Amino acid sequence: MIRYCLSLALAVLMLFAAPQVVHADTVRDDIVTLDLSLEKWVETDSATVTVAADLAVKSGGFGAARLAVRHDLAKISAKASWRLVGYNRLRDEAGFERWRITAEARLPSAELGGLGAGVKALGEAGRSYAVQGIDFTPTLAEREAAMAELRAEIYRSAADELARLKAIYPDRGYRVAAINFQTGGMPRPMPAQMMRAEAAPKLMADGGMAGDTVAQKAELRASVRFAAEVRSGD
């Protein structure tokens with residue numbers, strides 16, 4: 001009995017004599033979130049012009065007719081890069097092959113005046129032309145340039161907000177932890193920007209849009225996260 005009590009007392013003394021583990025305060029992020037939304041008008045002074053060439057050629061004469069189409073397109077605008085984007089073969093009639101070739105090029109608005117009449121004047125026996133559409137949607141390069149400017153503005157706004165945080169809480173050591181972008185995208189062209197085929201030739205013949213610019217709105221949203229490491233006891 002006495003030996004058991006001594007053993008129990010020794011165990012208690014060893015328990016209290018054991019080194020105590022002290023846990024440091026855990027570290028967490030002190031987070032501030034800022035939501036930003038910007039917009040910018042993207043202007044373009046050019047349009048994608050679609051021209052249809054209707055051909056009636058004898059069997060085996062399509063290659064020469066296609067080459068003639070390329071020459072005619074160069075007369076519309078020598079500086080434009082015309083691309084043949086569609087070939088549709090129609091039913092044969094009286095020994096002729098009938099084809100429709102669709103071509104596209106980006107033309108400056110200054111060259112659009114009188115375009116409809118000029119395209120029609122290219123026609124001759126077995127080959128006729130018509131303007132199918134004119135699309136004033138800004139080019140990819142124009143849209144990307146606008147988005148780059150919006151991103152730069154987001155970065156400047158984030159830097160300004162970070163400076164304000166550091167001035168108010170100088171002991172926190174705030175930093176920009178993340179910037180998440182959400183693109184609002186480009187709206188679809190309005191009817192005035194993408195004209196129907198039958199309306200385009202008349203407007204171009206009248207010179208109604210020569211030299212004009214068309215604008216669309218680009219939007220960019222971002223969530224900026226500022227973080228500072230602080231101890232849980234702070």
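This text goes through the nonpolar cores and then the salt bridges of a predicted model.

The largest nonpolar core is a good place to start. This core has 28 residues, and Val49 and Trp82 have the most contacts inside it. Five elements each give two or more residues to this core: the strands β2 (46-58), β4 (96-108) and β5 (127-135), and the helices α2 (62-76) and α3 (115-120). Of these, β2 contributes the most, with six residues.

Trp82 shows how parts of the chain come together here. Apart from its neighbours within four places in sequence, Trp82 is in contact with Val49 and Val51. Its other contacts include Arg70, Leu73, Ala74, Ile76 and Ser77, as well as Ala103, Glu104, Ala105 and Leu107. A second core, separate from the one just described, has 17 residues, among them Ala146, Met147, Ile154 and Val224.

Charged side chains give another set of links. The structure holds ten salt bridges. In one of them, the side chains of Lys40 and Glu149 meet with an N to O distance of 2.8 Å. Lys40 belongs to strand β1 (residues 27-44) and Glu149 to helix α4 (residues 140-168), so this pair ties together parts that are 109 residues apart in sequence. Lys40 is partly exposed, at a relative accessible area of 28%, and Glu149 is also partly exposed, at 42%.

Other salt bridges lie within a single helix. Lys75 pairs with Asp72, and their closest N and O atoms are 3.7 Å apart. Both residues are in helix α2; because they are three residues apart there, about one helical turn separates them. The two partners differ in how open they are: Lys75 is exposed, with a relative accessible area of 61%, whereas Asp72 is buried, at 4% relative accessibility.

Helix α4, which holds Glu149, also contains a bridge of its own. Arg164 forms a salt bridge with Glu161, with 2.8 Å between the closest N and O atoms. These residues are three apart in helix α4, so they too are separated by about one helical turn. Arg164 is partly exposed, with a relative accessible area of 47%, and Glu161 counts as partly exposed at 21%.

Some salt bridges share partners, and in this way Asp72, Lys75, Glu124 and Arg127 are joined into one network. The bridge between Lys75 and Asp72 in helix α2 therefore has both of its residues in that network.

Terms used. Residues are numbered from 1 along each chain as its sequence is written. This is a predicted model: local features need pLDDT of at least 70, side-chain atom pairs count only at pLDDT 80 or more; totals for chains, interfaces and linings use all residues. Side-chain values use heavy atoms; hydrogens and water are left out. A nonpolar core is a set of buried Ala, Val, Leu, Ile, Met, Phe, Trp, Tyr and Cys residues joined through side-chain atoms within 4.5 Å. Buried means under 20% relative accessible area, exposed over 50%, partly exposed in between (1.4 Å probe, protein chains only). Helices (H or I, at least four residues) and strands (E, at least two) are DSSP runs, numbered from the N terminus. Contact means heavy atoms within 4.5 Å. A salt bridge is a side-chain nitrogen of Lys or Arg within 4 Å of a carboxyl oxygen of Asp or Glu.
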